[in-house]
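Trainee: I am new to this structure and would like a close look at one part of it, with the terms explained along the way.

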Amino acid sequence: MKRVIDLKYQGLEKDLDALIENFSYSGKPIGKGVRNKIKYFTFKGKTVNVKAFKVPNIINQLVYRFLRKSKAERSFFNAKKLLEMGILTPEPVAYYEFYSFILLKRSFYVCEHLSCDYTYRDLINNKVEPSKWDTILREFTKFTYRLHENGILFLDHSPGNTLINEINGYYSFYLVDLNRMKFKPPSLEERLKNFSRLTPRKDMVEIMSEEYAGLMDLNKAEVFQKMWFYTEQFQNKFQRKKELKKKLLFWRS
């Protein structure tokens, strides 16, 4: 086993170990957990999330052992780096990796739990008051621009991975699911493509492209055209993959 714990939680190794050991039959689940499973636990007067990553295929078990950091390790250190850069994310607590001989089997990421008022998905599904909808979307676009300006390319920039809190009309944005991230100055194409996973709704892309074009002093029509192109490209690929999966797994119906 490999265990790395944040300095704030030093001395609580046995208690954290117990969370991991009891993960399968304790804690309260968050979401459906089709691939990875997330549960929250009460821990020393706080609430923490524990994310159990799916056991990788045999090739990736070797890759994660020798050539690449595990998803749990990347989540932990990406969270620390984001916080150092002033980007909000739930505070990292620890990560665990379990090996069988030379193969990575199970891995876990532990962070502080954050209750939120909205996620980006709530904007898509019209679960936000109409009077706030446009403002939140534009503030979210400014937040994404700030990521890009700081050399952060969040590869899983998707509807469920930004948590939104509101205090007195001001909005704070927190990134979650951090294992796929690049720290480098993104090109313009990478910046615009980074919006492609967020929404299939054209009206939302119109607002985001308008706001982003203004922030970068670019032609609004050209920015929308490219942003919508990447959005359609992703959505078409996503739907094809969904249909193929349905055909291949018809026996599950």
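In which strand is the place of Thr-47?

Mentor: This is a predicted model, in which local features need pLDDT of at least 70 and side-chain atom pairs count only at pLDDT 80 or more, while totals for chains, interfaces and linings use all residues. Residues are numbered from 1 along each chain as its sequence is written, and side-chain values use heavy atoms, with hydrogens and water left out.

Thr-47 has its place in strand 4, which covers residues 46-53; strands (E, at least two residues) and helices (H or I, at least four) are DSSP runs, numbered from the N terminus. Because its relative accessible area is 31%, Thr-47 is partly exposed, a term for values between buried, under 20%, and exposed, over 50%, with a 1.4 Å probe and protein chains only. Leaving aside neighbours within four places in sequence, Thr-47 is in contact with Tyr-40, Phe-41, Glu-112 and His-113, where contact means heavy atoms within 4.5 Å. Its C-alpha atom is also separated by 9.0 Å from that of Cys-111, although the two residues are 64 apart along the chain.

One of these contacts, Phe-41, leads on to the aromatic residues, since Phe-41 forms one aromatic cluster with Phe-23, Tyr-96, Phe-98 and Phe-108. Rings of Phe, Tyr and Trp (its six-membered ring) pair if their centres lie within 6.5 Å, and planes under 30 degrees apart count as stacked, over 60 as edge-to-face and the rest as tilted. A search of the whole structure finds 16 such pairs. Among them, Phe-23 and Phe-108 are edge-to-face, at 5.6 Å centre to centre and with 70 degrees between the planes. Phe-23 lies in the loop between helix 1 (13-21) and strand 2 (28-30), and Phe-108 lies in strand 6 (residues 103-112), so their pair ties together parts that are 85 residues apart in sequence. Both Phe-23 and Phe-108 are buried.

Phe-23 has a further partner in Lys-39, which lies over the face of its ring at 5.0 Å from the ring centre. A charge sits over a ring if NZ of Lys or CZ of Arg is within 6 Å of the ring centre and within 35 degrees of the ring normal. Elsewhere, the charged end of Arg-65 sits over the ring of Phe-66, 5.4 Å from its centre. Starting from Thr-47 in strand 4, then, the contact with Phe-41 leads into the cluster that includes Phe-23 and Phe-108.
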